[in-house]
Structures are given as C-alpha cells and as structure tokens.
Amino acid sequence: MQIAVTFRHMESSDAIRNYVEEKLARVKKYIDEPIDAQVVLSVQKKINHRAEVIMVAKGLTMKSTESKEDMYAAIDLMVDKIERQLKRYKDKLKKHKGDVGTQRRLEKTVFAAPSVDEGNGSPEIIRSHSFSVKPMSVEEAVMQMDLLDKDFLAFTDDNSEEMNVVYRRKDGNYGLIVPQGS
C-alpha cells in the first residue's frame, strides 16, 4: 500500500505518520492491491483537527473526512468510516457481480461565466478534468457515488453500454438520467 501523508497548518510528525500507516493497514483485507492512499492532516483554528483520506484501488475510489478536537481521534474516526464503507462495498459486491469491461475516458470541463467587464458573452474554460468511466450497474454506481461522497456520478451502464448519470436528490433519494435516441 502506498500512503502519502500531507500535513497542513501543523508540524510534520513521524509518530502521527506511523499511526496513520498502522491504522490504514487494517483496510488491506477488504480490497486488492495496489492501493494508493492520500492522507491530508490539518489543524484549523488550533482546536479543530481534520483527517481526510482518498483511497484508490483497481478503479474504486473512496473518500473519508473526519474532524475532532484530537488528531488521533480524528484519524481513528476517519479509518473507521472508510472501513465501514469498504465492508458495505464488499458485501454489495458479493450480491452483484458486475461485468469486467473496458473503461472509457470522460472529459469534465468547467466553464466560467463571463464577467460584466469582458462583454464578449462567451464562457471560457477554467478547469478541465478527465477520469475513467467504468461500466457498472445502477446499484454499483450509487454505491460508488456514496463511497466518493459526491452528489452525482457519470457511468456507462453495463447492459446498454450507454452513458448514464446517477445523482442524489434533495429529498435523500437518488435520480437516474438515461439518454434516449431521437
């Protein structure tokens, strides 16, 4: 497992780094290698300690963030949360065996609204991002969206091979956008 620990607004500490590595070693049993984990530890206003981890393993991306008054407690909660997510993911995988197919690349582009001073009226690209789009079922897409703690997820439906979008509604339920041909 590759673990990168970043310290923000606090001193770098080998004791905390070793603690993070020791705690994250617990999750190895739930997912296959290789695992890449990026951990960010930060202190805000000298009393709020925040621990965040983003883990990537074989096309699966998970995110967990926790805040507490003590850094060690925040790390414990963060690891517990990611472990619960992985247990839930592994249980769902046992129920749904998805097809292993090819992944597509999707470009995400963010446009900026033109400012009043510019006057040209056309938006400009301020950020572009590409990511793999894995064929999966709707249930897998909802699970992946929950693991990433996102409000929507674009994916390729494993049956129709069409690009779909699943999103979280304000009422707590989920919505699905399916393209229709003309």
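**A tour from the whole chain to its two cores**

Of the 182 residues of the protein, 32% count as buried, and since the coordinates in the viewer are those of a predicted model, each stop below describes that prediction. With the whole chain shown as a cartoon, one can pick out three helices and 10 strands, which follow one another along the sequence in the pattern β-α-β-β-β-α-β-β-β-α-β-β-β. Switching to a surface view displays an accessible surface of about 11,800 Å², of which 48% belongs to carbon and sulfur atoms. Among contacts between residues at least 6 apart in sequence, 42% join residues at least 24 apart.

Next, select Leu 41, Met 55 and Ile 75, the residues that touch the most other members of the largest nonpolar core, a set of 30 residues. The elements that contribute two or more residues to this core are strand S1 (2-8), helix H1 (14-24), strand S2 (35-44), strand S3 (48-57), strand S4 (60-68), helix H2 (71-95) and helix H3. Colouring H2 separately is worthwhile here, as this helix gives the most to the core, with eight residues.

Centre the view on Met 55 and display its surroundings: leaving aside residues up to four places away in sequence, Met 55 touches a group that includes Met 1, Leu 24, Val 27, Ile 31 and Ile 35, and also Asp 36, Leu 60, Thr 61 and Ile 82. A second, separate core comprises eight residues, among them Ala 141, Val 142, Met 145 and Val 166.

Now move to the open sheet of four strands, whose order is S7-S8-S9-S10 and whose pairing is mixed. Strand S7 (135-136) and strand S10 (174-177) stand at the edges, and because each has a single partner strand, one side of each is left without a neighbour in the sheet. Helix H3 (residues 138-148) packs on this sheet, where H3 touches S7, S8, S9 and S10, and its direction makes about 150 degrees with that of S8.

Within the sheet, select strand S8 (residues 152-157) together with strand S9 (residues 163-168), which pair in the antiparallel sense over five bridges; Phe 152 has Tyr 167 in S9 as its bridge partner.

Finally, add S10 to the selection: S9 and S10 are likewise antiparallel, paired over four bridges, and Val 165 has Ile 177 in S10 as its bridge partner. These two strands, S9 and S10, form a hairpin with five residues between them, and in the turn Gly 172 has a positive phi of about 95 degrees.

Technical notes
Residues are numbered from 1 along each chain as its sequence is written. This is a predicted model: local features need pLDDT of at least 70, side-chain atom pairs count only at pLDDT 80 or more; totals for chains, interfaces and linings use all residues. Side-chain values use heavy atoms; hydrogens and water are left out. Two strands pair if DSSP finds at least two bridges between them. Contact means heavy atoms within 4.5 Å. Axes are lines fitted to C-alpha atoms, for helices over the stretch in contact, and angles run from 0 to 180 degrees between N-to-C directions. Buried means under 20% relative accessible area, exposed over 50%, partly exposed in between (1.4 Å probe, protein chains only). Accessible areas come from the Shrake-Rupley method with a 1.4 Å probe; for residues, only the protein chains shown count as cover. A nonpolar core is a set of buried Ala, Val, Leu, Ile, Met, Phe, Trp, Tyr and Cys residues joined through side-chain atoms within 4.5 Å.
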